[in-house]
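I opened this entry to record what I looked up, beginning with the core and moving outward to the overall composition and one hairpin.

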Amino acid sequence: MSDLKMPDLNKVLIAGRLTRDPELRYINSGVAVCAMGIAVSRKYRTKEGEQREETLFINVEAWRKAAEYCGEHLKKGRPVLVEGSLKSEEWEDKNTGQKRTAIKVHAMRVNALDWEERGGGGSTQSTTAPRAIEEPVPEDEVPF
């Protein structure tokens, strides 16, 4: 079995609701980065027939144009579909000195799954279709 070739694959699709307003900021080089939280729920039935719900809270980070779109157009509670990859972060806890790790989703594409209401002039309102913004893959990350 040691000759088995297995491809490296780090791809994730998550649909859920934003748990907070996206936090858009710019790093020193002027690149936009947006931090968001998503809640994903799963309903299931126990052996005893009881209906239960389990919610998972996931941190998401978008960069560049995707970050700007999220920061400008998304709000807490909106349903979104996020396509990206998992990313691990390590840091040292300032209080205890212990190493900490966390896994978050590095978003390559973010789709709003509802229609955004926008106020027009006066009392009329128009809607815009859900929009997807995809972060371009840097040339040094192209797999071929």
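Before reading off the core, I fixed the term: a nonpolar core is a set of buried Ala, Val, Leu, Ile, Met, Phe, Trp, Tyr and Cys residues joined through side-chain atoms within 4.5 Å. I also kept in mind that this is a predicted model.

**Core.** I found 21 residues in the largest nonpolar core, and those touching the most other members are Met36, Ile38, Val60, Cys70, Leu74, Val82 and Val105. I then asked which elements give two or more residues to this core. They are strand 1 (12-18), strand 3 (32-45), strand 4 (51-63), helix 1 (64-73), strand 5 (79-92) and strand 6 (99-112). I note the general tendency of nonpolar side chains in soluble globular proteins to be buried together.

**Cys70.** Leaving aside residues up to four places away in sequence, I listed Pro22, Cys34, Met36 and Val110 as the residues that Cys70 touches.

**Whole chain.** I counted one helix and nine strands in the protein, and from the N terminus on their order is β-β-β-β-α-β-β-β-β-β. Of the 144 residues, 29% count as buried, while the accessible surface comes to about 10700 Å², with 50% of it belonging to carbon and sulfur atoms. Taking contacts between residues at least 6 apart in sequence, I read that 54% join residues at least 24 apart.

**Hairpin.** Last, I checked strand 2 (residues 23-26), which pairs with strand 3 in the antiparallel sense over four bridges, with Tyr26 standing opposite Ala32 of strand 3. The two strands form a hairpin with five residues between them, and in the turn Gly30 has a positive phi of about 90°.

Methods
Residues numbered from 1 in each chain as written. Predicted model: local features only at pLDDT ≥ 70, side-chain atom pairs only at ≥ 80, totals over all residues. Heavy atoms only, no water. Buried < 20%, exposed > 50% of the residue type's maximum accessible area, 1.4 Å probe, protein only. Contact = heavy atoms within 4.5 Å. Areas by Shrake-Rupley, 256 points an atom, 1.4 Å probe, with all protein chains shown as cover. Pairing = 2+ DSSP bridges.
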